[in-house]
Amino acid sequence: MFYWSETIVLLWSYAVKIASAEVFVGGPGKNYVTIKIRTDEGVTGVGDASINGRGLLPATYLKEYLIPCLIGMDPRKTEDIWQYFYRGAYFRRGPVTMAAIGAIDMALWDIKGKIAGLPVYQLLGGPSRDACLVYAHATGSDVEALLDSITHYQAEGYKAIRIQCGIPGMPEGYGVAGDDEDTKHFITDFTGLPKTEIWDTEKYLRFMPGVFEKIRERFGFDLKILHDVHHRLRPREAAAFAKEVEPYRLFWLEDPTPADDQSALKLIRQHSTVPIAIGEVFNSIWDCKDMMEQELFDFIRVSATIAGGITHLRRITDFADMHHIRTGFHGPPSHSPISMAAQAHLNRWAPNFGIQEYLVLGTPECDALFPSDHHMKNGMFYVSDAPGLGIDIDEKEAKRYSHQAHYHPIVRLEDGTMWNY
Ligand code: GCO
Ligand code: MG
C-alpha cells in the first residue's frame, strides 16, 4: 500500500548537501546581486543580496567568506545555518552582513520548498489571504503633474499610492521622477559619482499639507495615500508636521525622522495619531526591538535582503504582531524581484500583513533575467504556487550584465550643510 506520509518522511530523511553556489552581479539598470545555490541532487535555490550603491560588498562577502563554509551543509537546516553565519561573524549585523546572510537564507527556503513540493508560504503556516495589497509610486514635479500621475495609477487599479511632489524653490526632491528616460521610473541610485540635491525643510513643511488637501479634494478619502518624508525632519519638526497632516488621513507617513535615535519617534507619538512607517534601513530586530515594544510606529518596513532573509523577517513579523504593528516591507525598485518573491510568500502568510511596496519595473529585460509566474492585478500581488519561491535567475541572461558603479545622491541644505538623503 502506497502511503504519502512514508514517502514524505523518506524524502525528508535522506541526506542532501549543498554542492555549489554562484554569485551574479548586475542587471538592467541595477546592480542586482544574486546567489544561486545547488544541492548534490541538482535542486537549486536563489536569493537576493542587492544593496543600492554598494553592490560589490555583499557579493564579496558571499564569495570570500560565506560560500566556502556553506559547501557540504544540509540546505534544509535554514535556522541553524542562519545562526551559524549570524553568531559566527563575531562582528555582527550591518547591511552587508545581513544581506549576504539574507540571500543564502532565501535560496535555502527556495530549496526547502522544492524538496517538500510546496510554495514557501505553505511552509510558513499557509495562506492568510489570497492576494496582497501593494502600493504604486506617483510623483510629479508640481501638484498638477502629481495629480495626473495619481490618476494614471488609479486607472491601473491601484488602491494604494505613494505620493512624492516637487517643492517650489527646491529644484529636486526625494522620490520625484525626472522627465527623461533614465529617471522617469524614479530610480534610487544613479551611475557616476554622487549627485548633490538641495533640501529646505521650511519650504517642504509649508508646501506639503496643501498637496494632501488637493489630493483629497480630487480623489476623496477611499484612496490609500502614503508619503515618504525620507529621514529629512528633526523630531520636533516631524511631530508638528504629523499633527498638521492628520485631517488628510494618510495610510502612512514614512521615515519622518532618522531612526538612528530609537527614542526620536516618541515626540511624534505624543502629538499625532498619523500612522508611522519605519525600518527600511534596519538590518535586524535589534535596530527596532525597543521602538516596537513601546509601539512607537505602525508599519515595519524591513526587507528580506537587508534584514537577513525569510528566517529573520518571520521573527521580526511575529514580534511586531505582539505590538499591533503590521508589515509594510520595503521593495522594488530598491530590491530585486527575488527579494520581492521572498516577501510575497511572507505577505501571504503573515497574520499582521499591512501592505507591500512594489514599483512595477517589469521591463522585458528584468522579466527575462528573473523568470517567474508571480503576477499583479488591480493593485494586488498574487504569489506563485510553484514549489519554493517561484522565481529563478536565467544564468545565460545574467552573463549579459556586470557591476556598474552607482551612488545614491547626497543632500545638502541651502547653506551647504550636509543633510540626510
Ligand atoms: C522607499 C525607499 C527608497 C530608498 C532607496 C535607497 O521608500 O522605497 O525610501 O526610495 O531611497 O531604497 O536605496
Ligand atoms: Mg522609504
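Select glutamate 293 first: leaving aside neighbours within four places in sequence, this residue is in contact (heavy atoms within 4.5 Å) with Phe319 and His323. The model is predicted, so local features need pLDDT of at least 70 and side-chain atom pairs count only at pLDDT 80 or more, while totals for chains, interfaces and linings use all residues. Residues are numbered from 1 along each chain as its sequence is written, chains are lettered from A and ligands numbered from 1 in the order in which they are written, and side-chain values use heavy atoms, with hydrogens and water left out.

Glutamate 293 belongs to helix H10, where helices (H or I, at least four residues) and strands (E, at least two) are DSSP runs numbered from the N terminus. At 39% relative accessibility glutamate 293 counts as partly exposed, a class that lies between buried (under 20% relative accessible area) and exposed (over 50%), computed with a 1.4 Å probe on protein chains only. If you now add aspartate 367, 74 residues away along the chain, you will find the two C-alpha atoms separated by 40 Å.

Move on to glutamate 295, in the loop between H10 and strand S11 (299-300). Its phi is positive, about 50°, although it is not a glycine, and at 30% relative accessibility glutamate 295 is also partly exposed. Most residues other than glycine have a negative phi.

Next, select the magnesium ion (ligand 2), which is coordinated by Asp228 (OD), Glu254 (OE) and Glu280 (OE) at 2.0 to 2.3 Å. Donors here are N, O and S atoms within 2.8 Å of the metal (3.2 Å for Na, K and Ca), and since water is not among the atoms, sites may look incomplete. Along the chain the donors follow the spacing D-x25-E-x25-E. Glutamate 254 lies in strand S9 (residues 252-254) and glutamate 280 in the loop between strand S10 (276-278) and helix H10 (289-293), so the pair ties together parts that are 26 residues apart in sequence. Both of these glutamates are buried.

Aspartate 255 can be selected next, in the loop between S9 and helix H9 (265-271). This residue is buried, with a relative accessible area of 1%, and its phi, near 40°, is positive in a residue other than glycine.

For the interior, turn to the largest nonpolar core, which has 99 residues, with Ile150, Ile163, Phe241 and Phe297 having the most contacts inside it. Such a core is a set of buried Ala, Val, Leu, Ile, Met, Phe, Trp, Tyr and Cys residues joined through side-chain atoms within 4.5 Å. Around isoleucine 150, not counting residues up to four places away in sequence, the residues touched are Ala138, Ile161, Ile163, Ile215, Phe219 and Leu223. A second, separate core of 32 residues includes Val43, Ala59, Phe85 and Leu108.

Phe85 leads to helix H3 (residues 78-87), in which Thr78, Ile81, Trp82, Gln83, Phe85 and Tyr86 are buried. Their cover includes helix H2 (56-70), H4 and H11.

Finally, display H4 (residues 95-116) with H11 (residues 309-321). Where do these helices meet? Met98, Gly102, Asp105, Met106 and Trp109 in H4 meet Gly309, Ile310, Thr311, His312 and Arg314 in H11. The axes of H4 and H11 come within 5 Å and cross at roughly 100°.

How values were computed: Axes fitted to C-alpha atoms, helices over the stretch in contact; angles between N-to-C directions.
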